[in-house]
Amino acid sequence: QMSGGMIQTAMRNLDSWGLYITMFMFFVGLSAGGLIISSVPKAFGIKGFGGISKVAVMTSIAATVGAIGFVVVDMGQPFRVWELFVYSNLGSPLMWDIIVLMVYLILSCVYLWAQIAAEKGKVSHTALRVISVVALVCAVMVHSVTAWIFGLQQSHEMWHTALLAPWFVSSALVCGTGLVICAAVALRAAGYLKWEQADLVKLAKLLAVFLLVDLYFFGCDLLTEGFPAASGAEIVTMLVSGPLAPFFWGEVMLSVAAIVICVVPQLRTTPLMAAAGIAAILAIFCKRVQLLVGGFQVANIDWPAVLTPYTVTDWEGNMA
């Protein structure tokens with residue numbers, strides 16, 4: 001790619017975003033969810049989830065670095081990153097996202113430092129609470145702005161919806177909570193974290209709620225697209241029984257399996273709750289693939305004899 005350019009990715013002008021931007025969306029969700037889980041209890045002065053707060057912020061920082069890395073690689077020539085700032089277009093949601101991500105990463109590091117300093121008595125609880133509120137707002141904003149990159153493009157049937165920003169936030173809560181559960185279980189098993197089982201159960205119940213909300217948003221979006229029997233019906237057909245059906249049904253089944261594990265007391269063992277966290281993460285990955293690839297499948301230009309249904313992205317060749 002460094003020598004031959006972005007053509008090495010098999011992406012073209014009609015489908016300029018592929019796996020890099022899919023993973024960017026995915027990692028932004030992982031990062032925002034972790035920070036929200038950590039900041040909400042402190043911001044509202046409620047009981048949290050034991051000693052999980054710092055772990056949640058650490059996963060958030062790691063995922064943010066991953067998200068930024070995929071943006072840099074997607075540029076095709078990482079040595080030209082400086083051009084983003086020299087020739088930046090502040091009217092573009094893409095530039096908004098770059099700015100928000102940088103602020104978000106710095107704020108996450110400051111928040112982690114503040115938590116550690118507060119434990120040593122070097123930062124007051126009032127200051128920590130203020131930082132928590134700012135972190136919470138920034139976490140919501142970073143995912144809202146990411147959603148607006150897609151939602152403000154009127155020409156793509158699957159993206160142009162006001163529901164996209166809150167839907168992105170709910171998805172972030174799902175995969176972020178799943179990641180925190182997995183990280184906490186692994187750290188506790190390795191002896192690095194002392195964490196009560198009751199706190200893990202509370203987090204699993206919260207994961208079930210987030211999954212239900214996310215599936216509700218998904219149902220609302222599908223109904224709005226498919227009911228008028230307009231061009232949106234093509235999207236629903238493509239997801240339910242077309243080339244993206246494996247990702248659609250994968251998301252639904254993984255989400256349902258995670259919900260069942262989290263709400264049935266007999267199934268809430270530590271290994272199964274970790275499995276539920278992994279299932280939630282994979283479900284959101286399936287959602288990201290559907291959103292990115294699906295938005296390009298229905299052609300938004302009139303080009304007879306060249307474009308045919310489902311060939312804009314050459315799904316069978318590239319995505320497989």
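Which helix does Trp-148 lie in? Trp-148 lies in helix α5, a good place to start a tour of this predicted model. From there we can look at a nonpolar surface patch, then the largest pocket, and finally the spans that UniProt lists.

**The nonpolar surface patch**
- Trp-148 is joined by Trp-96, Val-133, Val-137, Met-141 and Leu-152 in a nonpolar surface patch of about 490 Å².
- Helix α5, which covers residues 125-151, supplies the largest share of this patch, with four residues.

**The largest pocket**
- The largest pocket has a volume of about 420 Å³.
- It is lined by 17 residues, and those closest to its centre are Val-71, Met-75, Leu-84, Leu-94 and Ile-98.
- Two or more lining residues come from each of α1 (19-44), α2 (53-74), α3 (82-86) and α4 (93-119).
- With four residues, α4 gives the most to this lining.
- By residue type, the lining of the largest pocket has 11 nonpolar, three polar and three charged residues.

**Spans from the UniProt record**
- An unreviewed UniProt entry lists residues 20-40, 52-73, 93-114, 126-152, 164-191, 203-224 and 244-264 under "transmembrane region".
- In the model, the span 52-73 is 95% helix and 0% strand, and its end C-alpha atoms lie 32 Å apart.
- For residues 244-264, the end C-alpha atoms are 31 Å apart, and the span is 90% helix with 0% strand.

Technical notes: Residues are numbered from 1 along each chain as its sequence is written. This is a predicted model: local features need pLDDT of at least 70, side-chain atom pairs count only at pLDDT 80 or more; totals for chains, interfaces and linings use all residues. Side-chain values use heavy atoms; hydrogens and water are left out. On a 1 Å grid over the protein atoms alone, a cavity is a set of points where a 1.4 Å probe fits but cannot get out, and a pocket is an open set with protein on both sides within 12 Å along at least five of seven lines; lining residues have an atom within 4 Å of a point. Grid points are joined across faces, edges and corners, and a volume is the space filled by probe spheres set on the points. Ala, Val, Leu, Ile, Met, Phe, Trp, Tyr, Cys and Pro count as nonpolar, Asp, Glu, Lys and Arg as charged, and the others, Gly among them, as polar. UniProt positions are given in the numbering used here, feature names are shortened, and annotations may be inferred rather than shown by experiment. Patches are made of residues with over 30% relative accessible area and no salt bridge: like charges are joined within 9 Å, nonpolar side chains (Val, Leu, Ile, Met, Phe, Trp, Tyr) within 5 Å. Accessible areas come from the Shrake-Rupley method with a 1.4 Å probe; for residues, only the protein chains shown count as cover. A salt bridge is a side-chain nitrogen of Lys or Arg within 4 Å of a carboxyl oxygen of Asp or Glu.
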